[in-house]
Amino acid sequence: MPDREKYWTKVWDEKHVFEPDPLTGKKKMFVTVPYPYMNAPVHVGTAFTASRVEFYARFRRMQGYNVLFPWAWHWTGQTIVGMSLRLKKGDASVRRAFVELDGVPEKEVAKFVDPEYLASYYTKVSRQVLKDTGFSIDWRREFRTIDPTYKKFVEWQYLRLRELGYVVQGTHPVVWCPYDRSPTGDADRMEGVGVSPGEFNLIKFHLGEFALVAATLRPETIYGATNLWVNPESEYVEARVDGELWVVSASALTRLTEQKHEVTPVRSLKGSELLGRFAMAPLTGKSLPILPGRFVDAELATGVVYSVPAHAPFDLMALKDIQEGRTQAGRQVKELADAIRPVPILSLKGYSAVPAEDSLRKHGAKDSLDSSLERASAELYSDEFHRGVLTAASGPLAGLTVGEAKQKSAELLAKTGRLAKMWELTEKVVCRCGTRCYVKILENQWFLNYSSPQWKAKAKEVIEKADVFPPEAREWFYSTIEWLKEWPCARRSGMGTKVPWDKEWIVETLSDSTIYMAYYTLSKFVNQEKVTPEQLTPDALDYVFFGKGNPANISKAVRMTEKRLRELRTEFTYWYPVDMRNSAKELIPNHLTFFAFHHAALFPEKQWPRGFGINGMIQIEGKKMSKTTGNFVTWKGALEKYGADPFRLALALTADGMDDADWRDRNAEDAKVKVDSVIPFVKKSLRSSVKREKDVLDDWLLSTMNRRIAQVTQAMQEMKIRRASAAAFLDTWNDIRWYIHRSGKPRRQTLEAVFDAWVRMVAPFTPFMAEGLNHELRGKGLVCQADWPSLRDFPLDEEAEMAETAVNRVVEDARNVLKVVKGSKKRLNVYVCSDGSRGFFVDLASADRLKIGSVTKKHEASKDKTNRTFKLIYELGDELVKKYITARKFDEYGTLSDAAKFMGKELGVDVVVQKDGEKGLRDPSGRAKGALPMKPALYLE
RNA sequence: GCGGGGGUCGCCCAGCCUGGUCAACGGCGCGAGGCUUAGGACCUCGUCCCUCAGGGGUUCGUGGGUUCGAAUCCCACCCCCCGCACCA
């Protein structure tokens, strides 16, 4: 860490500048960012999101707000525990990620088998990184989400939510890992990401007194069934299921148990024992042979399927496997298979009568285990679903579309009593631990009832009343609120807070982080050891956060002084509500909306969040950041490579709105060069400056500063960090450069005033450099505590601005001409328009359309310029024209004459400015009379 | 599929809400010149096409439409990104 950064960090620290306490009468600003999850060190994505709040915090502080920017660490949940576990089991990829991507030393990794150690290590590293980056955080309020006091807070929150009826119990199917004994979300899966439970139809085929139970998603094909498939190698069972006798795979039986069916096994048998027997189909009454299907997965649904070879590539192929000898079969079984012909039951344009045959030909599968059959099935099914119509072969389903027939067939089957349902995964799902998952019905789970219309309405109100930056994000919140249903808010495993009334469960991590911002007001006291976990009873917290109850009695009950208790309350009411919460857009559909829901439920309107800031995701060198591809940059890595200020500036300049931010080394290097050259530039400029009276250029620069300050202020208030930082850092710099270039002899007093404002404008972005520069310019005080630049110090001067515009327009026009004109030219004649022409322009621009006639009458001499003048009025634009009309004192001729030397230098020719209508005019080509206001005539010779 | 956001002159991106000031801001890259012992950095200019007078032509995903006038408004279509839940 460079000395400059170390020095100023220490100064900020010693002066406690970022440790705000309630100050009566001072306006406050409470800004937050979601705490990062400590299964990894913070990375540039975290930095991007958090830096937006950091810039905003520093900006608001300079605007005079008492700003609180706290920080904490997210430890709760399954992920950290899961990673520890995987490491313990010797998973090489986790270890590699720790060492190679996160940069953890080997001897530390060894200790990561303890999840709390893992999290504490990353917390330690990340905290230091944030400090080194110069974040203006009040570290006195730091906490981890497994702290006993935090748990007290969450317990209290859930007790109250439950009392309000927002926590309900329910029974739902989940993707389940029997090894972890826990639901398996996408993040926990090795295979089958995105797969969710679906309901399969179980169709019972009579097999003696038993039912051979086949599973299908396509009951509408029942009329095309020619046979049944079982896997000859797999275990099957005869069992009593919900009072009936079923034959299903052994695996199916355990899963049926998990789905709350009543199950008693009778005897097991091998799949092969079923081969060659016949089972009777419902609806059709056909007797269908049971054949060996090697593709049948006993772990999926019932391990029995029925065969529709006309429409299912798998079935047709499996049949051919037997017929062509690829599947071993006894003679009797083979004869049965040989006799089977596909039975088409729907017509499909673009296919022959047996679509599965076409499909097989197209995809060229070699046997029924060929993986291409997956694709073939999906494609054929999609076509059939969208375009297929059931034929007469389907009896009562004839004429229906596949979608309609699906429903109708299920109804018909249900009527015969030969339909049951079973939850199943449409694709194989494997847990990170390597265990195959299935669907389990979880009973008596706890849910947050986001379905409640009243709650939804209130949450919507929270968003409606808050600022949302950028405004496009608002719609996303509304649709999320509409769309949210019951959210399972408790889990069996992982770190976290136990559900206070049901200690078997742990509050799920997205649900324990919804109102914790309130806890920052308390954590200060906890860290100062002024409050213990035991004191944070629900009653005490009711008082602190709701103002409920009698503080005298409560303080006695929890053995805390009443004064202290009231202090906690004061701290909360001072800081709340949250004024700005910023996060990446991916959190809109969950965390940020939950945050709105929970505040709506628990707090009165005046404590609802006031502002939401949303940013895009981070990309690295134009590609998605990803640990698996190694396209990953840690915050620490970037910080050490470029230094705090360049890192911050590069982040600020990356992106605005919900656009994805692209982290590129080049940009960071560029930012470093820029940051490093500010102070030398300022020093050099001041050295070259002179003490003198103000001229029009000084007025121009001061006026331009006014506009920059306004622009930056506005952008910051709208969380347009990129725009703000670009204007503050780069555009202002260019303005100053232009002034120096244009003026030749910059005025010292002007530069001093401008630099003084500039250093304050860039301070939120590059605070270390700014402190250093401020120290050199002012010699004392801290720029982070200085006032934000005031517009009043930089008067607008429209005439000075117009003068610069006039000069630049001439230079631009002349360049155009010089570019086109061949031959060497020595002298540029600039003819400013006559007063008459100016009067005509003014009258024409201010006249309304109908009175143009009288204007032209008044200005006989300028009449033939009417069209060109109108065109010019359009070209200049309303704003400039208005300015021109009001600026009576503006002297175009004087301005351009004064700038003649400058223009000459820029253009490389002598510039002579004259005014049309003056006597002694030198006008060899007769162009002078064509001059218009802000558009002098030019003549090169 | 559903929901949200986008597609702009080599690249990144501003403009779009509130139509004309838009060949379209800014940055990067590239080219020329300056500065410098040299390089880097820095400064200036140029960077869609044509043009010996400040002009003209063709552009803002595609195709239509509204309008005197559309990057901006309307309709349809194509493409990209994000989210879609027992998980941070």
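Start by selecting Lys460: in this predicted model, Lys460 is partly exposed, at 34% relative accessibility. Add Glu464 to the selection, and you have a salt bridge whose closest N and O atoms are 3.9 Å apart. Glu464 is partly exposed too, with a relative accessible area of 42%. Now show the cartoon for helix H14, residues 453–465. The two residues are four apart in that helix, so about one helical turn separates Lys460 from Glu464.

Next, pick Lys694 and Asp699. Their side chains meet in a salt bridge, 3.4 Å from N to O. Lys694 is partly exposed, with a relative accessible area of 45%.

For a pair with another setting, go to Glu804 and Arg742. These side chains form a salt bridge at 3.0 Å, N to O. Color the helices here: Glu804 belongs to helix H28 and Arg742 to helix H25 (residues 721–743), and the pair links distant parts of the chain, 62 residues apart. Are Glu804 and Arg742 buried or exposed? Both are buried.

Want a whole cluster? Select Glu19, Asp21, Asp138, Arg140, Arg141, Lys524 and Glu571, which are tied together in a network of salt bridges. Across the structure there are 69 salt bridges.

Keep helix H28 in view and click on Val817, which is found in that helix. Val817 is partly exposed, with a relative accessible area of 33%. Add Val820 and Val821: with Val817 they make a nonpolar patch on the surface, with about 220 Å² of accessible area together.

Now bring up RNA strand B. Which element gives the largest share of the surface near the strand? That is helix H28 again (residues 798–820), with six residues. Show everything around the RNA and you get 56 residues, of which Tyr37, Trp487, Arg491, Arg666 and Arg737 come nearest. On the RNA side, sugar and phosphate account for 61% of the strand B atoms that come within 4 Å of the protein. Color the surrounding residues by type and they split into 23 nonpolar, 14 polar and 19 charged.

Finish by zooming in on three contacts with the RNA:

- Gly185: a backbone N or O atom sits 2.3 Å from a phosphate oxygen of RNA strand B.
- Asp813: an N or O atom of the side chain is 2.6 Å from a base nitrogen of RNA strand B.
- Leu938: a backbone N or O atom lies 3.3 Å from a base oxygen of RNA strand B.

Note on methods. Residues are numbered from 1 along each chain as its sequence is written. Chains are lettered from A and ligands numbered from 1 in the order in which they are written. This is a predicted model: local features need pLDDT of at least 70, side-chain atom pairs count only at pLDDT 80 or more; totals for chains, interfaces and linings use all residues. Side-chain values use heavy atoms; hydrogens and water are left out. A residue is near a molecule or strand if one of its heavy atoms lies within 4 Å of it. A polar contact is a pair of N or O atoms within 3.5 Å; within protein, one must be able to donate a hydrogen and the other to accept it, and residues adjacent in sequence count only if both atoms are side-chain atoms. Ala, Val, Leu, Ile, Met, Phe, Trp, Tyr, Cys and Pro count as nonpolar, Asp, Glu, Lys and Arg as charged, and the others, Gly among them, as polar. Patches are made of residues with over 30% relative accessible area and no salt bridge: like charges are joined within 9 Å, nonpolar side chains (Val, Leu, Ile, Met, Phe, Trp, Tyr) within 5 Å. Accessible areas come from the Shrake-Rupley method with a 1.4 Å probe; for residues, only the protein chains shown count as cover. A salt bridge is a side-chain nitrogen of Lys or Arg within 4 Å of a carboxyl oxygen of Asp or Glu. Buried means under 20% relative accessible area, exposed over 50%, partly exposed in between (1.4 Å probe, protein chains only).
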